[in-house]
Amino acid sequence: MKKMFCLFLLAFAIHPLLAKENWPLTVKVLSTKNIEDPHGSFHLSWFSSNAGWSQSSGGAGWSHRIAEHAFIESSDGNSYELQPKNPKDMLIAGTYKAKLERRDLEICEPKDNGNCRDVKFWVVASATTVTEKDSKAKTADNAPQASVAIDSTPPGADIEVDGAFVGNTPSTVPLAAGNHQIAVKKKGFVDWSRTITVNGGAIHLIAELEQETPKQ
């Protein structure tokens, strides 16, 4: 009896793990849209008679079916357009557990008893999800840059861009679009600085350094 009770507890503990493995994805419904199949489907109607099966009069034709397509975002990093295999199935806004089976996506529709109703969808289209962070990174990558060549007289001075040391003169520094503070510093000379606006292209700066006045 004790052994059976332990097996029951073990099964109870493992069940949530199995459920998680069976539905490894989390999907979020972004929107839904009614879409008509432009090709439709051809159907034939038949009836039974003493002579056998015969085609009914006027029973053949094309039908255009409208299905509610769902647009979802998945935890696997992809976004999907789904078409239900059963036109009566639909997804309301919310988050669901799901799994991919070949070219189909199956979604767990929660029931009152805690179990799932397995709702099957065809994957009509899929694409990598582009997040706001990815979009900003892509924008930054495509932002115009300038090549800024900085010389000084005398050479060998420190170069600072926006307060950060980037090298010694003469040097060429790539800068993103926008305003930047350029400073050139050398011991025994007065600091030199300029504010520049970068919009792309090449910029050449020459810092004529003046010697510091000896202290009395």
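Glutamate 106 and lysine 99 meet through their side chains in a salt bridge, with an N to O distance of 3.9 Å. Both partners are buried: glutamate 106 and lysine 99. The model is a predicted one. The protein has two helices and 17 strands, and 25% of its 216 residues count as buried. Of the contacts between residues at least 6 apart in sequence, 50% join residues at least 24 apart.

**Salt bridges and charged side chains**

- The count of salt bridges in this model is five.
- Lysine 99, the partner of glutamate 106, also lies over the face of tryptophan 23, at 4.8 Å from the ring centre.
- Glutamate 109 and arginine 117 form a salt bridge through their side chains, at 3.4 Å from N to O.
- Glutamate 109 counts as partly exposed because its relative accessibility is 24%, which lies between the limits of 20% for buried and 50% for exposed.
- Arginine 117 is likewise partly exposed, with a relative accessible area of 31%.
- Asp89 joins Glu109 and Arg117 in a network of salt bridges.
- A salt bridge also links glutamate 160 to lysine 185, with the closest N and O atoms 3.2 Å apart.
- This pair connects distant parts of the chain, since glutamate 160 belongs to strand 12 and lysine 185 to strand 15, 25 residues apart.
- Glutamate 160 has a relative accessible area of 21% and is therefore partly exposed.
- Lysine 185, at 30% relative accessibility, is partly exposed as well.

**Aromatic rings**

- The count of aromatic pairs is zero.
- Tryptophan 23 does have a charged side chain over its ring face, that of lysine 99.

**The four-stranded sheet**

- Four strands make up an open sheet in the order 13-12-15-16, and their pairing is antiparallel.
- Strand 13 (164-168) and strand 16 (192-198) are the edge strands, each pairing on one side only.
- On average, neighbouring strands in this sheet are turned by 25° against each other, direction ignored.
- Strand 12 (residues 158-161) pairs with strand 15 (residues 178-185) in the antiparallel sense, over four bridges.
- Aspartate 158 has lysine 185 as its bridge partner in strand 15.
- Lysine 185 thus appears in two roles: as the bridge partner of aspartate 158 and as the salt-bridge partner of glutamate 160.
- Strand 12 is also joined to strand 13 by four bridges, and these two strands run antiparallel.
- The bridge partner of valine 161 in strand 13 is alanine 164.

**Side-chain faces of strand 12**

- In a regular strand the side chains alternate between the two faces of the sheet.
- Strand 12 shows this alternation: Ile159 and Val161 point to one face and are buried.
- Asp158 and Glu160 point to the other face and are not buried.
- For glutamate 160, the relative accessible area of 21% puts the residue in the partly exposed class, because buried means under 20%.

**The hairpin turn between strands 12 and 13**

- Strand 12 and strand 13 form a hairpin with two residues between them.
- Aspartate 162 is found in the loop between these strands.
- Although aspartate 162 is not a glycine, its phi is positive, at about 55°.
- Most residues other than glycine have a negative phi.
- Aspartate 162 is partly exposed, at 46% relative accessibility.

**Cis peptide bonds**

- Most peptide bonds are trans.
- The peptide bond from threonine 153 to proline 154 is cis, with omega near 0°.
- Proline 154 sits in the loop between strand 11 (145-153) and strand 12.
- Threonine 169 and proline 170 are also joined by a cis peptide bond, with omega of about -5°.
- Proline 170 lies in the loop between strand 13 and strand 14 (171-176).

Definitions and conventions: Residues numbered from 1 in each chain as written. Predicted model: local features only at pLDDT ≥ 70, side-chain atom pairs only at ≥ 80, totals over all residues. Heavy atoms only, no water. Pairing = 2+ DSSP bridges. Axes fitted to C-alpha atoms, helices over the stretch in contact; angles between N-to-C directions. Buried < 20%, exposed > 50% of the residue type's maximum accessible area, 1.4 Å probe, protein only. Salt bridge = Lys/Arg side-chain N within 4 Å of Asp/Glu carboxyl O. Phe/Tyr/Trp six-rings, centres within 6.5 Å; stacked < 30°, edge-to-face > 60°. Lys NZ or Arg CZ within 6 Å of the ring centre and 35° of its normal. Contact = heavy atoms within 4.5 Å.
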